[in-house]
Amino acid sequence: MELILKNIGVLATPVGNTAAKGKSQGEITLIEKAAVGIEAGRIAYIGLCERAPAADKTIDCEGRLVTPGLVDAHTHLVFGGWRQKEMARKLAGESYLDILRSGGGILDTVGKTREASEDELFEKGMGLLSDMLAHGSTTIECKSGYGLNLADELKQLRVAKKLGEHAQVELVRTFMGAHAIPPEYRCDREEYIDLVCDVMMPAVKAEGLAEFCDIFCETAVFTTKEASYILGKAVEHGLIPKAHVDEINPIGGAEMAASAGCLSAEHLIQASDEGIQALADNNVVACLLPGTSFHLGKDYARARDMILAGVAVAVCTDFNPGSNPNLNLQLPMYLACNRYRMNPAEVLTAVTLNGAAAIGRADQIGTLEVGKQADLVIWNSPDLDYIFYRYGNNLVNSVVKKGKVVAQNC
Ligand code: NIG
Ligand code: FE
């Protein structure tokens, strides 16, 4: 064996190669006094420490908790600038959509992203990714959507591709040209939709720049009718659909996402009972974003109702410069317990196996099982409960990606 992690106090992991739903979301495996053996970047042994095979190298976990590497299945990682000035505007009474309607919000970041060079975006992205890794995220989904024209959407995705080639974190890419209508198309939204579908999508696909396609379906952004048209085109172009739905207003977005064949639906704060049932019936993973509810001071998604209905729930950061500038997935994990009333085992599944399922990677990552990729977090924690209790601190001790130690805190 190449490497053994020995003296693991508790190993905690969901199991399986598909999203865990309903009761099974909370059914995880816990092994005390465990060890993990790694060979060629994959897990080759899981079991009791005393039965572990000999290895060339050993990491002594000194009684710590070990879990799968965290999968952050929803971020907007590549963007120019920041938007700290929006806090004062919100405190003065403007809503998130008011700011967007006035040309701020997403459109403010569009301006800054268009101005930024690929090198600038790359440097910034590398810094953010190393911060994410230090907080335990080993795989990250990354959306475009701050270019909103052909050249700048491609620029964002090319930067994301290069980041994936250079960073220790694994990146999966999502085209989100339908994130907002850019100012130059304000009076001709149909023309912009055609640009997204007939020009951007083929270009993204031809260059292999994205696997998924996402859309912001919301009042004053894209209607459910437009969203289902755009996602239908995405499928024609070989992109797997996802959708930001029912974040601010209940407009039947969850139902739309289910009937458009989305792999995941995002936000879902205002999803209706029918929408939740449609997600369950169509195996759509719910990517819930409690950090966004927290930062915007909004309601929290009905995670318990979703789990009861048999929807697989993932929890992600939504890291972006506006609605949630926090990249530490440990904070949403805490909020999922504290606000959604999910228990630690359900949340662990949400940020590992179900996050992996939301990006089509559940057969490779998201659990600690023999044959899976060796992505693990060693926590400064004696058990699983503690990491959902000492909120606000980075509790990661070290991070292993594909069998290599890639981050070490103290
Ligand atoms: O998921 N809601 C739409 N898009 C992002 C926010 C983007 C922004 O505010 O820059 C989200 O919250
Ligand atoms: Fe988002």
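Is E62 buried or exposed? At 57% relative accessibility, E62 counts as exposed, because the cut-off for that label is over 50%. Welcome to this predicted model. Below is a friendly tour of an iron site, a bound ligand and a handful of individual residues.

**The iron site**

- Four protein residues act as donors to the iron ion (ligand 2): H74, H76 and H244, each through NE2, and D318 through OD.
- These donors lie 2.0 to 2.2 Å from the iron ion.
- Along the sequence, the donor residues of the iron ion follow the spacing H-x1-H-x167-H-x73-D.
- Distant parts of the chain are linked by the pair H244 and D318, which are 74 residues apart.
- H244 belongs to strand β10 (residues 240-245), whereas D318 sits in the loop between β13 (313-315) and α12 (330-338).
- How buried or exposed is H244? With 3% relative accessibility, H244 counts as buried, because buried means under 20% relative accessible area.
- D318 is likewise buried, its relative accessible area being 1%.

**Around ligand 1**

- Ligand 1 is surrounded by 15 residues.
- Which of them are closest to ligand 1? They are Y96, Y146, H179, D318 and S323.
- D318 therefore deserves a second look: this buried residue is a donor of the iron ion and also one of the closest residues to ligand 1.
- The side chain of Y96 places an N or O atom 2.5 Å from an oxygen atom of ligand 1.
- For E247, an N or O atom of the side chain is 2.8 Å from a nitrogen atom of ligand 1.
- H267 has a polar side-chain atom that lies 2.8 Å from an oxygen atom of ligand 1.
- How much of ligand 1 does the protein bury? Taken alone, ligand 1 exposes 330 Å², and the protein buries 100% of that.
- The largest cavity is the space taken by ligand 1.

**The loop between β13 and α12**

- S323 is found in the loop between β13 and α12, and the place of D318 is in that loop too.
- S323 is buried, with 4% relative accessible area.
- What joins the side chains of S323 and D318? A polar contact of 3.3 Å does.

**Residues with a positive phi**

- Most residues other than glycine have a negative phi.
- D318 has a phi near 70°, a positive value in a residue other than glycine.
- E62 also has a positive phi, near 50°, and is not a glycine either.
- Where is E62 found? E62 is in the loop between β4 (57-60) and β5 (65-68).

**Helix residues**

- Q156 has its place in helix α5 (residues 150-166) and counts as buried at 2% relative accessibility.
- A polar atom of the Q156 side chain lies 3.0 Å from the backbone nitrogen of G145.
- Q156 and R42 are 114 residues apart along the chain, and their C-alpha atoms are separated by 31 Å.
- A134 is in helix α4 (residues 118-134) and is buried, with a relative accessible area of 15%.
- How far apart are A134 and N338 in space? The distance is 23 Å from C-alpha to C-alpha, with their positions 204 residues apart in sequence counted as separation.

**A strand residue**

- T58 is placed in strand β4, and its 47% relative accessibility makes T58 count as partly exposed.
- The C-alpha atoms of T58 and M1 are separated by 9.9 Å, and the two residues are 57 residues apart along the chain.

Definitions and conventions
Residues numbered from 1 in each chain as written. Chains lettered and ligands numbered in written order. Predicted model: local features only at pLDDT ≥ 70, side-chain atom pairs only at ≥ 80, totals over all residues. Heavy atoms only, no water. Donors = N, O, S within 2.8 Å, 3.2 Å for Na, K, Ca; no water. Helix = DSSP H or I, 4+ residues; strand = E, 2+ residues; numbered from the N terminus. Buried < 20%, exposed > 50% of the residue type's maximum accessible area, 1.4 Å probe, protein only. Near = heavy atom within 4 Å. Polar contact = N/O pair within 3.5 Å; in protein donor to acceptor, adjacent residues only side chain to side chain. Areas by Shrake-Rupley, 256 points an atom, 1.4 Å probe, with all protein chains shown as cover. 1 Å grid on protein atoms, 1.4 Å probe; cavity = no way out; pocket = protein on both sides within 12 Å on 5 of 7 lines; lining within 4 Å. Sits in = over half its atoms within 2 Å of the grid points.
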